[in-house]
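Visitor: I have the coordinates open and would like to know how the descriptive words are earned. Could you take me through them?
Guide: Gladly, and here is the structure to look at as we talk.

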Amino acid sequence: QFARRGIVESGFTKSNMDALFHAAHDIKGESATFGFPLIAATADSLCRLIEHTPDAGRIPVELVNQHVDAVRAIHREYSRSDAAALAGMLNKRLREVTDEFLIHENRDSPEALEQIMGPSIIPG
C-alpha cells in the first residue's frame with residue numbers, strides 16, 4: 001500500500017519502483033511462510049511487470065493498482081471456502097493483462113519476449 005502510494009503521488013521514480021518491486025518480491029517470497037500462499041502469484045505478476053517493462057513510466061498506474069488491490073482482496077477473503085477459486089481467477093486475469101502489456105512493450109526485443117512468455121515457477 002505504501003509503495004503504491006508513492007507511485008500514485010510522485011510517479012514512477014527509481015526510488016518508488018524499487019520500493020514497489022521489493023515489497024512485491026518480499027510478499028512473493030514470504031506469503032507462504034505467513035500462511036497466505038495464494039498471494040504469491042499476484043506478487044509474482046507485479047514483479048514481472050516491473051522487471052520486464054523497458055520504460056517504467058509507461059506502466060499504467062491502474063495495472064499497479066489492480067495488482068495491489070488483488071493482493072489485498074485475496075488476503076481479506078482468505079478464510080472463504082472459495083478463496084482458492086477467487087485467487088485463481090484474479091491471478092489468471094492479472095497474468096493475461098500483464099502479459100499483454102509486456103508483449104506490447106517488448107515487441108521489438110525477441111530475447112525479452114522469450115523470457116516473458118516462459119512459464120511461472122510460482123503456483124497459481
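Guide: Let us begin with a definition: a helix is a DSSP run of H or I of at least four residues, and helices are numbered from the N terminus. Leu63 sits in one of them, helix α4, which covers residues 61–76. Please keep in mind that this is a predicted model.

Visitor: What makes Leu63 buried or exposed?
Guide: The relative accessible area of Leu63 is 5%, and buried means under 20%, so Leu63 counts as buried. Beyond its neighbours within four places in sequence, Leu63 is in contact with Leu49, Val97, Thr98 and Phe101.

Visitor: How far apart are the C-alpha atoms of Leu63 and Asp18?
Guide: They are separated by 17 Å, with the two positions 45 residues apart along the chain. Another pair with a spacing of 45 residues in sequence is Ala83 and Leu38, and there the C-alpha atoms are 8.4 Å apart.

Visitor: How do you know that Ala83 and Leu38 are in contact?
Guide: Contact means heavy atoms within 4.5 Å, and Leu38 is listed among the contacts of Ala83 together with Glu77 and Tyr78, leaving aside neighbours within four places in sequence. Ala83 belongs to helix α5, residues 83–105. With a relative accessible area of 6%, set against the limit of 20%, Ala83 is therefore buried.

Visitor: Why is the pair Ser45 and His67 called a polar contact?
Guide: The two side chains come to 2.8 Å, and the cut-off for a pair of N or O atoms is 3.5 Å, so the distance meets that part of the definition. Ser45 is in helix α3, residues 40–52. His67 is also one of the residues that Ser45 touches, along with Leu94, Arg95 and Thr98, when residues up to four places away in sequence are not counted. The relative accessible area of Ser45 is 3%, and Ser45 is buried because buried means under 20%.

Visitor: Why do Asn16 and Lys28 get their accessibility labels?
Guide: Asn16, in helix α2, has 13% relative accessibility and counts as buried, because the value is under 20%. Lys28, also in helix α2, has 22% and counts as partly exposed, because partly exposed runs between 20% and 50%.

Visitor: What does the side chain of Asn16 reach?
Guide: The backbone oxygen of Gly6, at 2.9 Å. Not counting residues up to four places away in sequence, Asn16 touches Gly6, Ile7, Ser10 and Gly11. As for Lys28, its C-alpha atom is 7.1 Å from that of Ala41, with the two positions 13 residues apart in sequence.

Visitor: Let us turn to helix pairs. Why is the direction of α1 and α2 described as it is?
Guide: The axes of α1 (residues 2–10) and α2 (residues 14–30) come within 8 Å and cross at roughly 155°. Angles over 145 degrees count as roughly antiparallel, so α1 and α2 are roughly antiparallel to each other. Their contact is made by Ala3, Arg4, Gly6, Ile7 and Ser10 of α1 and Asn16, Met17, Ala19, Leu20 and Ala23 of α2. By class, these are 6 nonpolar, 3 polar and 1 charged.

Visitor: What makes the direction of α2 and α3 parallel or antiparallel?
Guide: They pack at an angle of about 150°, with their axes 8 Å apart. The limit is again 145 degrees, and α2 and α3 are therefore roughly antiparallel. On the α2 side the contact includes Met17, Leu20 and Phe21, and on the α3 side it includes Ala40, Ala43 and Asp44. The residues of this contact divide into 10 nonpolar, 1 polar and 3 charged.

Visitor: How do you know the relative direction of α1 and α4?
Guide: Their packing angle is about 160°, with the axes 11 Å apart. That makes α1 roughly antiparallel to α4, because the angle is over 145 degrees. Arg4, Ile7 and Val8 in α1 meet Val61, Asn65, Val68, Asp69 and Arg72 in α4. The classes here are 4 nonpolar, 1 polar and 3 charged residues.

Visitor: And which hand does each crossing have?
Guide: The crossing is left-handed for α1 and α2, left-handed for α2 and α3, and left-handed for α1 and α4.

Technical notes. Residues are numbered from 1 along each chain as its sequence is written. This is a predicted model: local features need pLDDT of at least 70, side-chain atom pairs count only at pLDDT 80 or more; totals for chains, interfaces and linings use all residues. Side-chain values use heavy atoms; hydrogens and water are left out. Helices (H or I, at least four residues) and strands (E, at least two) are DSSP runs, numbered from the N terminus. Buried means under 20% relative accessible area, exposed over 50%, partly exposed in between (1.4 Å probe, protein chains only). A polar contact is a pair of N or O atoms within 3.5 Å; within protein, one must be able to donate a hydrogen and the other to accept it, and residues adjacent in sequence count only if both atoms are side-chain atoms. Axes are lines fitted to C-alpha atoms, for helices over the stretch in contact, and angles run from 0 to 180 degrees between N-to-C directions. Angles under 35 degrees count as roughly parallel, over 145 as roughly antiparallel, 65 to 115 as roughly perpendicular and the rest as oblique. A crossing is left-handed if the near helix is turned anticlockwise from the far one by less than a right angle, and right-handed if clockwise. Ala, Val, Leu, Ile, Met, Phe, Trp, Tyr, Cys and Pro count as nonpolar, Asp, Glu, Lys and Arg as charged, and the others, Gly among them, as polar.
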